[in-house]
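Here is a friendly walk through one model, with an eye on its helices and its charged side chains. Keep the viewer open as you read.

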Amino acid sequence: MESSGFLNVKTVLNSGNVIFDSNLDINKTSENIIELVKKNFNLSIPILIITVEELKDIINNSPIWWDSKNKDIYDNLIFVMPNVTANLVCDKLGKPSENIDKILVYKNVIFWSFQLKDYCKSNWWINSASKEIKNDITIRTSRTVKKIIDNAN
């Protein structure tokens, strides 16, 4: 990315997250990164770009139950890819399992939490790995999202 003109490039964890500065608009930046990944890794994968300001806004509007620090709860943030809506993703994932999944849609992300002991009973856990949805979303834990923000500052 640096040799392609992106500035202050940093990777965060081993989860496909890259923080960088760009003078291009988001659409052009996305096109450039898609081409870089295709050229360097022979992969044709969806790319999601979000600004630090957008990410902070999302976190500042998280539900009170999300990121509770309870190690028995798995807190996720589902990022919905461009040209797909959070409502469509919710429809594809189906009805959340009662007393297992907690969800809240904010803009075009979905806060999703569940108890680790019940993950195999979660409709969303099962359906989030399906081929039908895999190119529509990318999921990060609350811990990863916060590390991305910390590394961006």
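A residue counts as buried when its relative accessible area is under 20%, and as exposed when that area is over 50%. By that cut-off Asp118 is buried, because its relative accessibility is 11%. Please keep in mind that this is a predicted model.

**Salt bridges**

Asp118 is a good place to start, since this buried residue, at 11%, has a charged partner. Its side chain meets that of Lys117 in a salt bridge, with 3.3 Å from N to O. Lys117 itself is exposed, at 62% relative accessibility. As a rule, side chains of opposite charge can pair when their charged atoms come close.

How many salt bridges does a search of the whole structure find? The search finds 7, and the table lists some of them, with the relative accessible area of each partner.

| Salt bridge | N to O distance | Acidic partner | Basic partner |
|---|---|---|---|
| Lys117 and Asp118 | 3.3 Å | Asp118, 11% | Lys117, 62% |
| Asp67 and Lys69 | 3.0 Å | Asp67, 14% | Lys69, 63% |
| Glu31 and Lys28 | 3.9 Å | Glu31, 47% | Lys28, 40% |

In the pair of Asp67 and Lys69, Asp67 is buried, whereas Lys69 is exposed. This pair also belongs to a network of salt bridges that links Asp67, Lys69 and Lys146.

The pair of Glu31 and Lys28 sits within one helix: both residues lie in H1, 3 residues apart, which is about one turn of the helix. Glu31 is partly exposed, with a relative accessible area of 47%, and Lys28 is partly exposed too, at 40%.

**Helix H1 and the loop after it**

Helix H1 covers residues 26–41. Its 16 residues should span 22 Å at 1.5 Å a residue, and its end C-alpha atoms are 22 Å apart, so the two values agree.

Which residues of H1 are buried? They are Thr29, Ser30, Ile33, Leu36 and Val37. These residues cover an arc of only 125° around the axis, which means that they are on the same side of H1. Strand S2 (17–21) is part of what covers them. On the other side of H1, Asn27 and Lys39 are exposed.

Past the end of H1 comes a loop that leads to helix H2 (52–60), and Asn42 has its place there. Asn42 is exposed, with a relative accessible area of 69%. From Asn42 to Glu31 the separation is 11 residues in sequence and 15 Å in space, C-alpha to C-alpha.

**Helix H5**

Helix H5 (residues 142–152) can be read in a similar way. Its buried residues are Ser142, Thr144, Val145, Ile148 and Ile149. Seen down the axis, they fall within an arc of 170°, so they line one face of H5. Arg143 and Asp150 are exposed on the other side of H5. The cover over the buried residues of H5 includes strands S1 (7–12), S2, S3 (73–80) and S6 (137–141), along with helix H2.

**A nonpolar patch**

What do Tyr74, Leu116, Tyr119, Trp125 and Ile126 form on the surface? They make up a nonpolar patch, and together they have about 450 Å² of accessible area. One of these residues, Ile126, is found in helix H4, which covers residues 123–127.

Conventions
Residues numbered from 1 in each chain as written. Predicted model: local features only at pLDDT ≥ 70, side-chain atom pairs only at ≥ 80, totals over all residues. Heavy atoms only, no water. Helix = DSSP H or I, 4+ residues; strand = E, 2+ residues; numbered from the N terminus. Buried < 20%, exposed > 50% of the residue type's maximum accessible area, 1.4 Å probe, protein only. Salt bridge = Lys/Arg side-chain N within 4 Å of Asp/Glu carboxyl O. Patch = residues over 30% accessible without salt bridge, like charges linked within 9 Å, V, L, I, M, F, W, Y side chains within 5 Å. Areas by Shrake-Rupley, 256 points an atom, 1.4 Å probe, with all protein chains shown as cover. Expected span 1.5 Å × (residues − 1). Arc of directions from axis to C-beta. Contact = heavy atoms within 4.5 Å.
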